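Q: Could you take me on a close look at the pocket around the bound molecule, and then at what sits elsewhere in the structure? I am new to this, so please go step by step.

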Amino acid sequence: MQLKLHNTLTKRTEGFTPIDPDGRAVTFYSCGPTVYDFAHIGNFRAFLNADVLRRTLEVLGYKVNQVMNITDVGHMTDDAVADGGGEDKMEVAATRLAEAKKSGELPEGASVDPSDPMAVAEFYAAAFMEDSAALGMRIVDDAKRDPSLMPRPTQYIQEMIAMVETLIENNHAYVASDGVVYFSVQSFSAYGELSGNTVETLRSGEGGRVDMETQAVKRSPADFMLWKPDATHLMRWPSPWGEGYPGWHLECSVMANTLLGAEIDLHSGGEDNIFPHHECEIAQSRCATGCDAFSRYWFHTRFLLVDGTKMSKSKGNFYTLRDLFDKGATAAAVRLELIKTHYRSNANFTMQGLKDSQRQIDRWRRLKDWLTKHKDVAAHLHGPLVIAKEQFLGALCDDLNVAGAIGALNEAVNAYAIDAVPEGSGSSTLEFELKALLEMDQVLGVFDLDTLGGSGDLDVSKVDALIEARLTARDEKEWARADEIRDELLEMGVAIKDGPEGTTWSRIVQ
Ligand code: AMP
Ligand code: ZN
């Protein structure tokens, strides 16, 4: 089965073939968070879709070498425009935390020293690792083995200086009269290929603040900063252009080049990274390395919305994973909720959606427990789950159609609900069915999550057994015992409802 993937660069859905001559190894760079605050679940939608892509490649037999950066310097508040003006997000965070301390609203364990943005970065990077592990992102396991797979830009300053020097030597960059080193977009004819912006139509200030002084010294309004000398910036390093700091776009080009090579297979991010961030990465990387391509495939996740608006820090309409845990959600439900809509469509976040995801996982988990108990029972060689697995992989290979894959899985789960044990010919056992279910979870990644984070460590089989026991108690008119069981379930975070179709239950999500 070959994976077909929509490539933002070519705007086509293409068969995926890696650079590796043996066709097995895949190099994958994922733009990670800027650790100036807790990541919100919109950020995690982009990161988790990259994780689903990686897991799909792994199920298809590829060996994925993934790198995800953790940005700790140089991401400016005005980086949405090519100029990259404004203040460093890390420094803004340090000041914000100092204010929070005064008002007594400091997050537990956070540094408060406004002169120490690195400590702030450390605090939020640790929180990011914790949340990412809770959500089952495989890159975190990699980083435990090799921390350089989740690199920090502050560890690659010398390599960044070297790339800027190369770009200046090759006439792709210049030192302007304000002392800042800019990339010259006119020196690279392919600038704009990814985003569709052309140098002629680009106005770097579009949608953002235009710094007239900066515009006056640049050769072209779209030229962007590579190195900025600034003696007042808290995080600064010596360089041939004076003490200063690197541009955000440069950081990713350098880390990808250093850790994965001049040309890579895959590069991911959220849709807002297409321009200017990824457009600028392509320009820098290709001009510095001389390669015809930087990344062969570009994978971008659309925004997570709340009430039709992008979830973002600045709008205040966001949830962190921690917020949702406080409301009783489980990491598994959050993960499923964030991956179940196709990555090239917007997803709308609702608490109801989260509850539905939980219900779905509980059904899968119940079947998993049942199959584990009955795995030695004889059944068809090709049971519903073995068949579903092929359809599941087929849907994923079709540009990562997670919804289609889940649909195939659910059809098989429904077959069990009707028949209990699929009719057996005795030629095989249900162990194959269990195996197929667990293989599908290699991509969905929800079975092992609850124990890792969140408050929802719920034993679904125990819930079923208690409901059964309550029904027996009621049949025997032991009302006090039935009430006791109801209370026990409530304490586990489970509400039950008696209806014409029997007793149903749901997790209590506030
Ligand atoms: P930041 O930490 O601000 O650099 O953002 C980290 C990542 O989250 C970037 O790849 C963004 O594109 C992505 N992102 C930000 N907001 C959303 C959202 N509402 N939905 C999906 N991805 C987002
Ligand atoms: Zn990046």
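A: Happy to! By class, the shell around ligand 1 is made of 7 nonpolar, 8 polar and 3 charged residues. Keep in mind that this is a predicted model. In total, 18 residues surround ligand 1, and the closest are Gly42, Asp272, Asn273, Leu304 and Met311. If you look for the element that gives the most to this shell, you will find helix 1, with 4 residues.

Now zoom in on some polar atoms. In the side chain of Asn273, an N or O atom is 2.7 Å from an oxygen atom of ligand 1. Asn43 also brings a polar side-chain atom, which lies 3.0 Å from an oxygen atom of the ligand. Thr34 takes part through its backbone instead: one of its backbone N or O atoms lies 3.0 Å from an oxygen atom of ligand 1. How much of the ligand does the protein bury? Taken alone, ligand 1 exposes 500 Å², and the protein buries 93% of that.

Next, find the zinc ion, which is ligand 2. Its protein donors are Cys31 (SG), Cys252 (SG) and His277 (NE2), at 2.1 to 2.2 Å from the ion. Cys31 and His277 link distant parts of the chain, 246 residues apart: Cys31 sits in the loop between strand 3 (25-30) and helix 1 (41-59), while His277 belongs to helix 8 (residues 274-289). Written as a sequence pattern, the spacing of the donors is C-x220-C-x24-H. Are these two residues buried or exposed? Cys31 counts as buried because its relative accessibility is 7%, and His277 is buried too, with a relative accessible area of 1%.

Let us return to helix 1, this time for a salt bridge. Arg55 pairs with Asp51, and their closest N and O atoms are 2.8 Å apart. The two residues are separated by about one helical turn, because they are 4 residues apart in helix 1. Both Arg55 and Asp51 are buried.

For a contrast in surroundings, try helix 2 (residues 89-102). There the side chains of Lys102 and Glu99 meet in a salt bridge, 3.4 Å from N to O. These partners are 3 residues apart, so about one helical turn separates them. Lys102 counts as exposed at 68% relative accessibility, whereas Glu99 is partly exposed at 45%. To finish, the structure holds 28 salt bridges.

Terms used
Residues numbered from 1 in each chain as written. Chains lettered and ligands numbered in written order. Predicted model: local features only at pLDDT ≥ 70, side-chain atom pairs only at ≥ 80, totals over all residues. Heavy atoms only, no water. Donors = N, O, S within 2.8 Å, 3.2 Å for Na, K, Ca; no water. Buried < 20%, exposed > 50% of the residue type's maximum accessible area, 1.4 Å probe, protein only. Near = heavy atom within 4 Å. Polar contact = N/O pair within 3.5 Å; in protein donor to acceptor, adjacent residues only side chain to side chain. Areas by Shrake-Rupley, 256 points an atom, 1.4 Å probe, with all protein chains shown as cover. Nonpolar A, V, L, I, M, F, W, Y, C, P; charged D, E, K, R; others polar. Salt bridge = Lys/Arg side-chain N within 4 Å of Asp/Glu carboxyl O.
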